[in-house]
Amino acid sequence: MAQNGSKVTRRQFLTYTLTGVGGFMAATLISPMVNFAIEPVLKKTGAGDKVKVMSLDDITTEPQRVDFKKQTQDAWYEFEETLSAWVYKTDSGEIIALSPICTHLGCQVAFAGDPTRPQEFFCPCHLGRYEKDGTNIPGTPPTAPLAR
Amino acid sequence: MLQKIYDWVDERVDITPLWRDIADHEVPEHVNPAHHFSAFVYCFGGLTFFTIVIQILSGMFLTMYYVPDIINAHASVYYLQNEIAHGQIVRGMHHWGASVAIVMLFLHTLRVFFTGSYKKPRELNWVVGVLLFFVVLALGLTGYLLPWDMKALFATKVTLQIAESVPVIGGIAKTLLAGGEIVGASTLARFFAIHVFFLPAALFGLLGAHFLMIRKQGVSGPL
Amino acid sequence: MHRGKGMKFVTDSRVGISNRKQNIAKDYSEYPGRTEAFWPNFLLKEWMVGSVFLIGFIALTIVEAPPLQNIADPTNTSYIPLPDWYFLFLYQLLKYQFAAGDWILLGTVIIPGLAFTALLVAPWLDQGLERRPAKRPVAISFMLLGILSVFYLTWESVQTTHWDQVHAQGELQIPGEGPEIDTAAPGYEIYSAQSCVNCHGQNLEGGAAAPALVGTQYTAEEIAEIAVNGVGTMPAGQWDGSDEDLQAMSEFIASYGEGGENNK
């Protein structure tokens, strides 16, 4: 069927058009669905709310563990999540709240958890250690300081 | 590059005849709307299949958020429709697509009937087609319950009462469908399983047979 | 494809080594008439129809949100169940005398069963070789009868259904939206002491037999008038109390009405 001089045969032309139409249909169908599926990636996570944890007067230079509750929304579930933090005041009066979650594998760290090192946070799982300000001590498993 | 990959596969599994057979089979003039506009009635079968493809795709995506549980089903449907990007469109495709599928199927059945296309040698394909119709109706029935809203619950109660009125097996059928004495948690789980696994499996099998027979027998001749 | 001895294989598979099919499209120019190839000629036309269909369909899904009612509440006794539209004809069939009561079997099993069985075995009921509709009057008339009865039953069902009630009942109420009803207000006490609460609901949300009072367009005076004299399907003579109470209650309800101070 190829005519002399023309590079594209009628059949090829039809096949290209067909692929185009098919591509249009597939794209129209699939794009809303893909958007629907990848929503969790696109969704911006809002900034965390501030929750009242304890009164200023109670904060000492010694880190204390405080538990607090926070309204959390997990898709269609809404519940109160119990969280905790280590809170203390530095000598200069700055208030520091540290997350108790070890940056190594997510265990709970405790201040002075190792009785021989009373001024450090200690993670019992893999013997990870942090300074009082949350900096990880080199040579122990954690690779990053505790989250503030 | 593509050609080389194709040749490599074809040399080993000989795929050319498989698709050339489908690509090259001739479509007669009398079903081609380009030649006779009235041949558009032959489009309904294809459109039914297209709608079913839409149903399968949108259904697959809906199950990413939906949970078949009496406490969370409604909340998850509300969430996916209102909180998720394009949730309204995806659920809309599935919801409205169900109605469109029934309409298309109805028109397709009528076309086959009025052109007498179910006659020898195509009896078997007609039977498979009617079974497909039942499967699609059953999909609509089971899908109606899944959002677990008021109309879902009460319509299903009526359906089960109708099932119960069947003599001898009615009581058993009702308990089997409801998964217990009342329309509740186990009914929802059951309907979900039937809607998402059992009926689609039957649908795929029957559709395969339907298409295979069309390929074997060809389209019925012009009137 | 040849079989048996003498066949050469690609190593140990059964694919023949020499006579693999050439990937060349069939040439239709040698065929008389206007038959054409499925791919790409015919499929292109099909898919163009499909594209038009798809655009219309997507437009529908964008314009019309799929309905979702309130979460199922099995304790609600006033709800009128309704199936999806394509089952309405079966639903309507069961309303008739001859398909209800003692004859319920006729409506639920026998008539639908016969119809569907007939459809299933149609090729054996209509065995003649003639295919043109005009030449097979019996089959065609039975089919037309079937279609007509399905259409008629659906139509009747649509006509006899009170759609505004159906839409009002079970309407989705999103918790936290819609005004909070002050159940301690004196107006509410009168509202619940009178019979209003039975139909209009604990939260003025309405029900199968009555519309919601939240967002009502009536003024307090009109509400008082309706409470005494009725309106629409609401009968007169429901009110049984003093004029002061009537005024307090009407003002209470109006405050949740359209533009009312409590309707936020």
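What pattern does chain B follow when you read along the sequence? Select chain B, colour by secondary structure and trace from the N terminus: the order is α-α-β-α-α-α-α-α-α-α. That gives 9 helices and 1 strand. Before going on, keep in mind that this is a predicted model.

**Stop 1: chain B on its own**

Hide the other chains for a moment. Along its principal axes, the C-alpha trace of chain B spans about 55 × 50 × 35 Å. There are 223 residues in chain B, and buried ones make up 40% of them. If you like contact maps, take the contacts in chain B with a separation of 6 or more: 66% of them come from residues 24 or more positions apart.

**Stop 2: where B meets C**

Now bring chain C back and select the residues in contact between the two. You should pick up 65 residues from chain B and 56 residues from chain C. On the chain B side, the elements giving two or more residues are α1 (2–13), α2 (16–24), β1 (26–27), α3 (44–62), α4 (73–82), α5 (87–114), α6 (123–145) and α7 (150–164). Which of the elements has the largest share of this side of chain B? Highlight α5(B), which supplies 11 residues. Colour the chain B side by residue class and you get 37 nonpolar, 14 polar and 14 charged residues.

Stay at this contact and zoom in on β1(B). This strand pairs with β1 of chain C, residues 36–37, in the antiparallel sense and over 2 bridges. To see one of the partners, pick Glu26(B): its bridge partner in β1(C) is Ala37(C).

**Stop 3: where B meets A**

Swap chain C for chain A. Here the contact takes 15 residues from chain B and 10 residues from chain A. The chain B elements that give two or more residues to this side are α3, α4 and α5. Of these, α3(B) gives the most, with 4 residues. Recolour by class: the side of chain B that touches chain A has 10 nonpolar and 5 polar residues, and no charged ones.

**Stop 4: backbone oddities**

Next, some backbone angles. Most residues other than glycine have a negative phi, and most peptide bonds are trans. Here are some exceptions to look up.

- Select Lys120(B) and Pro121(B): the peptide bond joining them is cis, with omega about 10 degrees. Pro121(B) sits in the loop between α5 and α6 of chain B.
- Jump to Trp39(C) and Pro40(C), also joined by a cis peptide bond, with omega about 0 degrees. Pro40(C) lies in helix α1 of chain C, residues 38–63.
- Pick His86(B), which is not a glycine but has a positive phi of about 60 degrees. You'll find His86(B) in the loop between α4 and α5 of chain B.
- Then go to Ala75(A), another non-glycine with a positive phi, this one of about 50 degrees. Ala75(A) is in the loop between β1 (64–74) and β2 (77–89) of chain A.

Are those last two buried or exposed? His86(B) has 21 other C-beta atoms within 10 Å, so it counts as buried. Ala75(A) has 15 C-beta neighbours inside 10 Å and therefore counts as partly exposed.

**Stop 5: annotated spans in chain C**

Move to chain C and select residues 42–63, 103–125 and 137–155. An unreviewed UniProt entry places the feature "transmembrane region" at these positions. Residues 42–63 are 100% helix and 0% strand, and their end C-alpha atoms are 32 Å apart. Residues 137–155 are also 100% helix and 0% strand. Put a distance label on the end C-alpha atoms of residues 137–155 and it should read 26 Å.

**Stop 6: one face of a helix**

Finish at helix α9 of chain C, residues 220–229. Its buried residues are Ile223(C), Ala224(C) and Ala227(C). Look down the axis of α9(C): those buried residues fall within an arc of 100 degrees, so they line one face of the helix. The general reason is that an α-helix has 3.6 residues a turn, so residues three or four places apart point the same way. What covers the buried residues of α9(C)? Show α10 (243–254) of chain C, which is included in the cover. Last pick: Gly230(C), which follows α9(C) and has a positive phi, near 75 degrees.

Definitions and conventions
Residues are numbered from 1 along each chain as its sequence is written. Chains are lettered from A and ligands numbered from 1 in the order in which they are written. This is a predicted model: local features need pLDDT of at least 70, side-chain atom pairs count only at pLDDT 80 or more; totals for chains, interfaces and linings use all residues. Two residues are in contact if their C-beta atoms, placed from the backbone, lie within 7 Å. Ala, Val, Leu, Ile, Met, Phe, Trp, Tyr, Cys and Pro count as nonpolar, Asp, Glu, Lys and Arg as charged, and the others, Gly among them, as polar. Two strands pair if DSSP finds at least two bridges between them. A residue is buried if 20 or more other C-beta atoms lie within 10 Å of its own, exposed if 12 or fewer, and partly exposed in between; C-beta atoms are placed from the backbone. UniProt positions are given in the numbering used here, feature names are shortened, and annotations may be inferred rather than shown by experiment. The arc is that of the directions from the helix axis to the C-beta atoms.
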